[in-house]
Amino acid sequence: MNFQLDAINILILFVMLINSTYGLIIYSRNRGDKINFSFFVLTISISLWGLTMFGYRGFSEHGLVLLMARLLYFSAITIPTAFIYFVLIFPDPKTEITPRQKYIVPIPLIILCILSLYPDGFIHDVILNTGKETFIVFNQYAHVLFGIYVVSYFSWAYWIVYDKYTKVGEPIKTQLAYVFVGTFGSTMITLITNLGLLYFGYFN
């Protein structure tokens, strides 16, 4: 079984390990803190995406690449919802999640996660290209739903951050600014490279 360990995969693995370690350190400081736990869940969802991307890019056997592609999108689906719950709670650990937030917010995640693992539900197939990135053959309807979900949930999350920012004073205002600065740039890059370009068939 061949495995491609190029510079990009090494970087993905390195970032994934740092992200996981950081999340674990934060969580271990106070396991009873809801903010720490929600941040840990967020970092784990991102790390799972990195791990499956590592496998998706590394394996060369068709069946394994197809499995990794489906797991890759399964993990990607969890990230926006995890981010929503983090910003809902942050920076006040006493914040209570409403029944609507608890039971309705995860519905798109559950539906899309099921589709992502179901054969032909989200991904029909993968086409391996020697020397190039693997081409994913999507179920276009599910892919569009995925795009709507990701864009709307991230937009909602940043609106929550902005709304809180306008209503609080220091030092919470600065903490919220750190959340925005620390996540917005990477979110936009990810949306363009891993969502927008793929709709035009560009996988490189």
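The exercises below concern a predicted model and are each followed by a worked solution.

**Exercise 1. The nonpolar core**

Find how many residues the largest nonpolar core has, and which element supplies the largest share of them.

Solution.
- Step 1: The largest nonpolar core counts 48 residues.
- Step 2: Inside this core, the residues with the most contacts are Y56, Y73, F83, F86, I123 and I136.
- Step 3: At least two core residues come from each of several elements, among them the helices α1 (7-29), α2 (34-58) and α3 (62-89) and the strands β1 (123-127) and β2 (135-138).
- Step 4: The largest share, 17 residues, is supplied by α3.
- Step 5: To look at one core residue, take F86; beyond four places in sequence, F86 touches I35, S38, F39, L42 and V179.
- Step 6: As background, nonpolar side chains in soluble globular proteins tend to be buried together.

**Exercise 2. Assigning S45**

Decide whether S45 is buried or exposed, and state which backbone oxygen lies 2.6 Å from its side chain.

Solution.
- Step 1: Locate S45 in helix α2.
- Step 2: The relative accessibility of S45 is 5%. Buried means under 20%, so S45 counts as buried.
- Step 3: A polar atom of the S45 side chain lies 2.6 Å from the backbone oxygen of L42.
- Step 4: With neighbours within four places in sequence set aside, the contacts of S45 are S75, T78, I79 and A82.

**Exercise 3. A side chain between two backbone atoms**

Determine where N139 is placed and which backbone atoms lie 3.3 Å and 3.1 Å from polar atoms of its side chain.

Solution.
- Step 1: N139 sits in the loop between β2 and α6.
- Step 2: Its relative accessible area is 18%. The limit for buried is under 20%, and therefore N139 is buried.
- Step 3: The backbone oxygen of D120 is 3.3 Å from a polar atom of the N139 side chain.
- Step 4: The backbone nitrogen of Y141 is 3.1 Å from a polar atom of the N139 side chain.
- Step 5: Outside the four-place sequence window, N139 is in contact with D120, G121, F122, I123 and H124. One of these, I123, is also among the core residues with the most contacts.

**Exercise 4. Toward the surface**

Name the residues that form a nonpolar patch on the surface, then classify I192 by its relative accessible area.

Solution.
- Step 1: The patch is formed by L11, F14, V15 and I18, with about 390 Å² of accessible area together.
- Step 2: F14 belongs to helix α1.
- Step 3: I192 lies in helix α7. With a relative accessible area of 48%, I192 is partly exposed.
- Step 4: The C-alpha atoms of I192 and Y118 are 26 Å apart, and the two residues are 74 residues apart along the chain.

Definitions and conventions
Residues are numbered from 1 along each chain as its sequence is written. This is a predicted model: local features need pLDDT of at least 70, side-chain atom pairs count only at pLDDT 80 or more; totals for chains, interfaces and linings use all residues. Side-chain values use heavy atoms; hydrogens and water are left out. A nonpolar core is a set of buried Ala, Val, Leu, Ile, Met, Phe, Trp, Tyr and Cys residues joined through side-chain atoms within 4.5 Å. Buried means under 20% relative accessible area, exposed over 50%, partly exposed in between (1.4 Å probe, protein chains only). Helices (H or I, at least four residues) and strands (E, at least two) are DSSP runs, numbered from the N terminus. Contact means heavy atoms within 4.5 Å. Patches are made of residues with over 30% relative accessible area and no salt bridge: like charges are joined within 9 Å, nonpolar side chains (Val, Leu, Ile, Met, Phe, Trp, Tyr) within 5 Å. Accessible areas come from the Shrake-Rupley method with a 1.4 Å probe; for residues, only the protein chains shown count as cover. A salt bridge is a side-chain nitrogen of Lys or Arg within 4 Å of a carboxyl oxygen of Asp or Glu. A polar contact is a pair of N or O atoms within 3.5 Å; within protein, one must be able to donate a hydrogen and the other to accept it, and residues adjacent in sequence count only if both atoms are side-chain atoms.
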